Structures are given as C-alpha cells and as structure tokens.
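Hi,

Here is the model I promised to pass on. Have a look at it first, and then read my notes below.

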4 protein chains.
Amino acid sequence: MDSLERLASLFEKFPGIGPRQAERFVQYLLRGGSALRRELAKTIEELSGAVERCSECMRFFASLKKSATPVCTICADKDRDAKLLAIVASNADLNALERSHTYRGRYFVLGGTISLASEKTNHLRMRELLSSIPARARNGLREIILALPANPEGDATAVRLREELAPLSKESKFAITSLGRGLSTGSELEYADPDTIKNALAGRK
Amino acid sequence: MDSLERLASLFEKFPGIGPRQAERFVQYLLRGGSALRRELAKTIEELSGAVERCSECMRFFASLKKSATPVCTICADKDRDAKLLAIVASNADLNALERSHTYRGRYFVLGGTISLASEKTNHLRMRELLSSIPARARNGLREIILALPANPEGDATAVRLREELAPLSKESKFAITSLGRGLSTGSELEYADPDTIKNALAGRK
Amino acid sequence: MDSLERLASLFEKFPGIGPRQAERFVQYLLRGGSALRRELAKTIEELSGAVERCSECMRFFASLKKSATPVCTICADKDRDAKLLAIVASNADLNALERSHTYRGRYFVLGGTISLASEKTNHLRMRELLSSIPARARNGLREIILALPANPEGDATAVRLREELAPLSKESKFAITSLGRGLSTGSELEYADPDTIKNALAGRK
Amino acid sequence: MDSLERLASLFEKFPGIGPRQAERFVQYLLRGGSALRRELAKTIEELSGAVERCSECMRFFASLKKSATPVCTICADKDRDAKLLAIVASNADLNALERSHTYRGRYFVLGGTISLASEKTNHLRMRELLSSIPARARNGLREIILALPANPEGDATAVRLREELAPLSKESKFAITSLGRGLSTGSELEYADPDTIKNALAGRK
C-alpha cells in the first residue's frame, strides 16, 4: 500500500466517510499543495499537546497550559449556574445545547448511551459522574437534567441514571428531570408518530 | 382532449400527483377492467349522497341517513370526554390524534391555518367555533387544546385563537392549552434545531 | 366499511399510493364538492365505452367509434415509418419514446418483461407479436428495435425475443437491434457503474 | 481560534464536508488518541515527499524515487495499449474507468472541463496534451477517446478538444471518438430523459 492508499484508508475510518469520498479527500490534499498539507498535519499533531479532557464535564477542550486537573472554559465560567447539571451523551450533544443559547447551567459528558444489546455501561463515565455529585451538591446543585437522545438507548440510559442517582437525589435534595418530549419545531401533526403525539398531549400547557 | 387525457388531467390535480403518476393511474384503471372502473366511479359518486359534514366537529363523515344537523360517530359517542375540546387544522390532523389512542375528548376541525402572507382567517371556521363554545361550556367544557402544527402558520393561528377565545375562557372558566413541544420520538440532540432544544429544556420534567 | 373507507381502500390499490395518501385523496374529493366528484366518476366510467386496445400495437387508446379491429392514432398514421418496429414493455415506455420526438416508426406493446424468478412469458403478448410479423414484413419491415429497460428483466426479455424472432428475421431479412447503452445524459464518469462504463467504451464513436 | 476550532475549519474545506461533520472529524481524532493522530499527520506530510505528478498522464501517484520525468505505474506498464489514449477530466474519472476493468489503453488527465460561464481553458492541460501527441503518434497512437462527463461542460470540452486535435488527427491518422451515450445500466425507459432516449435510439445496434 503506497502513501496515497494509506491516507485514503485512514480517511475511510472517519465517521460517515466511504471509499469514494476518502479518495476525494486525498485528491483534495494533493491538489491543495504542500503548504495546506503541512498546516493540516501540524494542526492534527497539535491536538495531542493542546487538548485536555476537562476534569469536571469530561469533554475535550483546547488547553493553553498543562494542569493536573484541567478545567474547560464552560466549567471555569463563574456565570454558569451551578444549580443545574445537564448530563449529555456526547460532546456533539453538548454543542447542540450550547447552540440553542438557552442553557446556562453546567454539563457532564457521559460518553455514550447504554447499548440495548449488551446493557453494558462500562464504556460510560457512570462512576466519575456519581463521585462528582457530592461536591456539586455542596456547591448548590438543585437539578440534574437528563439531556439524552429521545430513542430507546437514551431512554434506557435515563432509567439507569435515575436508579443510580436516586439515593444522592434524596440525600442532597436535588431534582432529576428529563428533556421535554413533543412536537419538534416545524413538524405537522399529520406526519407525527403516535408516540410523539402522546407526549405532545401529555406535555400540553 | 380525449377521455384518457381528460382523466389524466383530473388525477393531476390530486394532492401530490404529477403528470407521470397521473398517467400511471389511467393505465392502472385501463388494465383493471370495467368492473374496477365501475366500482370506483360508483364509490366516488356515493360520497355526495352518503357524506355529511358533522355539525359539531365539522369533519366529513359517512352518514347513513340524512339529517338537518348531522353528527359524526366521534361527536355522537357519549364516552368521549366533553370536558376536553381539541382544535385541529384538518381532518388529517384529527386522524393523527386518533391514531395515537390517547386522546378521548372532542374535536373541532378549523379547516386550515392562518396564512402568514395574508393573515386572513375567512377560510377558517372561526365563527362556527366561537358560536359553539357557550353550549360546550354548559356541557362541562374545561379545556381547549390547540392541537395545531408546530410551524409559524400554526403558531399564528394559536395566537389568534387565544385572543378570540380569551373572553369566553374567562367567562366560562375553561383553560386554553397548546400541545407540548420538545424532542420528537427517535430524535437525537445532535441534529435537533435550537428552537426544539429550547422547547425541550423549557418543557423538562 | 363506510363509503369513505371503501374509497380510501380503492385508492390504496393505485400504483405507488399508501394508506396516508389514499386518505388525502378522499379528503380532496370531499372538499372538491359534488361537481368535481361527478366529473371524475363520469370520466372514469367513460373509459369503458371510449377506450379500445389497438389491434396493431396493443396499447389502449381513446376511440371515437367501435370497431372489430380498432387502430390507434399512431398505427393509423400513414407518415409513421413501417420499416421500423419498436417493441416496448409498457405503454409508459411507449410514451417515453414519443416524448423524445425522435422515433417515427411503429410500436408493439409487449405488456411487461420476463420475470427472472419464474421466467414465464405467458403474461406477455409474444404470440400476438410473432403472428403480426409476416404482415409487417410484407409491409416493408426492415428493423425491429428491442426498446426494453436496461435491467436484467429487460435483458432476459431481449434474449428470448431474439430467439423467437430469429427465424422470421432470417426469412424476411429484417434486422433486430437493441437500444444503445452508455452514459445517460447528465451523468458523470466518477459515479457511473462499471457496466455502464463498459458499455460506454464499447459504444464509443 | 484554538486548535480544535482551527482543525474543524480545515476539515470544513474538504470536499462535501459541512461544519457539523467537520466537528465530528475533530471529535473522532480526539477520541482516537495520539497514535492515530500521529499516523494521520505523518501520512499527510509524506504525500509531499512521496507523491509526484506523472509526466505522461498528469495524474498524481506515489513515487518511490525522485525523477525529473516521473512516470506512474499505468504509464510505465508496457502491456497498456499505446494505440488508445483516453482523455479524462479528473483522476476520479480515470479511477472509474480502471474500476470497469475493460480499458487497457493509456490516459491523459486534463484537469477539469470548460466552464460554460467563462469558456476559459487556462486551468486545463491543453498545451501539455497537444505537445504530447506527436510522440504518442510516433509510438503508434490510433484513437483518442474523449472520456468526458455527459454534461454540457463535458460536451463543450469535447468540442474544443476535437477542434484542437483535428490537424494532428489528420496528419497522424488517428481517430477521435467519444464515449457512447444511451441507457445506463439499470435504467428504465419510462424515467429516462428525452435526450438519453434520443442517444439510445441513435446508438442502437
């Protein structure tokens, strides 16, 4: 395998990329010239030095200086409300919440959802979450929002989280909520599935 | 224009049907033979005799006997809860609510939504709705549910309905609610629009 | 089942129509009023009286007067070239050829293609085709064009037709051709399948 | 802009990649760990050293040793037929021809097609192509195949190439052909555009 093929096979492992598009990426970099390639390679390598996992929310972030307990910009922001903690499955879901410009609380990135096949949770940061709660409770935590996907995996994860969090919730008197279900913006009743309509009726106000 | 072309042009006016599919419908009826064609023509003609508009919810229904004030099976059903009235834009939306097997109240079919371009409401059955409320209130009405599409037209219609219904609501002490907004079943946060996430956060519980 | 449901179930059997769209057709006819319904029903019924199958090309056409051997407008047109005969699978394919405004020969509608599962041909008008050839040959036929779909069923049908037509072709000295294969208009090589590229190379000129 | 954002913005310039997917690529590399990142960066950088543009067909290829006149594996292959020269717009189109396993001649990558807006050709390797023809003619060239996309830009490019190549073709007695047009594999007549049907009729055999 020559370097063109090796690069194509690396791109093929990128999320959502097939062999045809991987090949196009290689052609794009070839046409782009050595300055573009050098910049891309350098920026990729820099991640290793510059990126840390936040010790509070567990997301990756670009850190300027090394630290034993790195803290990301959101977690370091004193204006973010410590009374609210949103548990999200992934960084991408955290970004989606940020894009809505409505949530001003804090986050914890669980690292995925429970797979219905195995029901395993060992790939999730359950323990890290649970051990972080006492300090958060002392810091004023009033509500944990389970901001999980509205699918069976997300629901199973919510059930497990509620079980695990129940004793702490009772002890420290914080609520556990889930995101509202119902009609998503732009949707028409005619094409909504029965479960969504059921949720929209239950959540009417 | 011969009868094949005339039939194709009638089918072309059906909702969602283009010239190609209209032509296929004609071919289907040709291949289907004269018995199929006779049955279809007869069933279409029968609508005029057998179908009435319900004088209560305003939807079309198949009526067995003529009446000055025809009443459909849902409105005639004593088990349907007269305390709840869902206002829907169309018959198709009413069917969607029925398919969810959750709603046991009554309906009113408004006949559309406000067009944002004209803001006109004269194609809607506003007057019929308003004039029906006093009798419904005497009959125990406690809540009107605005079961409208989650789009700008549906929202504009809800605003107008709330304005028009406000005095009656105050007088007769019924609530006015709207369907819950949030994540629709199966949706992932990552791909949800900011407005849906905002609603999901606001509607958390 | 009332007349609304009966009509919906008839529309559901239309090609490409599901239960949701069938319901919308019924609503469309209800809203359209009795004049629209009467016109549609009448036009559908008229097909039985006004439509005949052409005794030459076998397609359906709107006929003004009854005849033992009805002949459609294309087959009756003296300007259409009797030297060319295009065998098409369906009326829709015949229409596609007419829309291209290039073909000025005659047609025979076979009524389908060979199913690869059963390899049966009894639903096709093979016999009618073969028995029509001698008269066409006397009338100057020089070429039969197999204008069949470019898929395995079309290919299997072409193989069978060539076998069946071979003796007649030899005797009456007419050619048997198939439509050209290659890049369809608008297509890019990059996304073309290997078989299409093979045909495009073989058919270069 | 931190290194995460800088990397996302570099990925956003990749062909067919939007901001959402660029962000997912960054997350993928973060999760993948520093070994994956190092390998990817290294392979990208290696392109500059290892990749050359073939001096004959003009495509990029992975070269093991530096040369003033680098020659790719296809052009160096003595078994490839020097009588045939396929002119393709891009490397991706060359790959498509190779995937069909039918073409055994040689290639020239033009570097694009004529833009209909500007009709400019200065981004194309016209001059390189023309100056290479005499040597190819001496080497036995008998046919130039214009293997261009079946769209207006491809057609305009073919017209221009035929004009430019005409004197050389006359002098050196090689043919100029274009890929066959017609039904692409799998397509049905009913949905074929008129131009494709016209080509399929013209190309029948």
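Before anything else, a word on contacts: two residues are in contact if their C-beta atoms, placed from the backbone, lie within 7 Å. Helices (H or I, at least four residues) and strands (E, at least two) are DSSP runs, numbered from the N terminus. A residue counts as buried if 20 or more other C-beta atoms, placed from the backbone, lie within 10 Å of its own, as exposed if 12 or fewer do, and as partly exposed in between.

With that in hand, here is a swap between two chains. Helix α7 of chain B (residues 194–202) has as its buried residues B:Thr196, B:Ile197, B:Asn199, B:Ala200 and B:Leu201, and α4 of chain A is part of what covers them. Going the other way, α7 (194–202) of chain A buries A:Thr196, A:Ile197, A:Asn199, A:Ala200 and A:Leu201, with α4 (91–99) of chain B included in their cover.

Some housekeeping: this is a predicted model, so local features need pLDDT of at least 70 and side-chain atom pairs count only at pLDDT 80 or more, while totals for chains, interfaces and linings use all residues. Residues are numbered from 1 along each chain as its sequence is written, and chains are lettered from A and ligands numbered from 1 in the order in which they are written.

**Chains A and D**

How does chain A relate to chain D, and by what turn? A turn of 180° with a shift of 0.0 Å along the axis lays chain A on chain D with an RMSD of 0.1 Å (least-squares superposition on the C-alpha atoms of residues with pLDDT of at least 70 in both). That is how a two-fold axis relates copies. The residue of chain A that comes closest to the rotation axis is A:Ala41, with its C-alpha at 2.1 Å.

The two chains also touch: 36 residues of chain A are in contact with 36 residues of chain D. On the chain A side, α1 (3–11), α2 (19–50), β2 (60–62) and α4 (91–99) each give two or more residues. The top contributor there is α2(A), with 21 residues. By type, that side of chain A divides into 18 nonpolar, nine polar and nine charged residues. Here Ala, Val, Leu, Ile, Met, Phe, Trp, Tyr, Cys and Pro count as nonpolar, Asp, Glu, Lys and Arg as charged, and the others, Gly among them, as polar. The copies meet through the same surface, because 100% of the interface residues of chain A are also interface residues in chain D.

**One residue in chain D**

D:Glu12 sits in the loop between α1 (3–11) and α2 (19–50) of chain D. It counts as partly exposed because it has 15 C-beta neighbours inside 10 Å. Apart from neighbours within four places in sequence, D:Glu12 contacts D:Ile17, D:Gly18, D:Pro19 and D:Ala22. D:Glu23 is 11 residues along the chain from D:Glu12, and their C-alpha atoms are 8.5 Å apart.

**Nonpolar cores**

A nonpolar core here is a set of buried Ala, Val, Leu, Ile, Met, Phe, Trp, Tyr and Cys residues joined through C-beta atoms within 7 Å. The largest has 107 residues, and B:Ile87, C:Ile87 and C:Val88 touch the most other members. Helix α2 (residues 19–50) of chain B supplies the largest share of this core, eight residues. A second, separate core of 105 residues includes A:Leu47, A:Val51, A:Leu110 and D:Leu40. Back in chain C, the contacts of C:Ile87 beyond four places in sequence are C:Phe108, C:Leu110, C:Leu129, C:Ile144, C:Leu146, C:Ala147 and C:Leu161.

**The sheet in chain A**

Two strands pair if DSSP finds at least two bridges between them. Chain A has an open sheet of four strands in the order β4-β3-β5-β6, with parallel pairing. Its edge strands, β4 (105–109) and β6 (175–178), each pair on one side only. Five bridges link β3 (residues 81–88) of chain A to β4(A) in the parallel sense, and A:Leu85 stands opposite A:Arg106 in β4(A). Helix α4(A) packs on the sheet, touching β3, β4 and β5 (143–147) of chain A, and its direction makes about 130° with that of β3(A). For that angle, axes are lines fitted to C-alpha atoms, for helices over the stretch in contact, and angles run from 0 to 180 degrees between N-to-C directions.

Cheers
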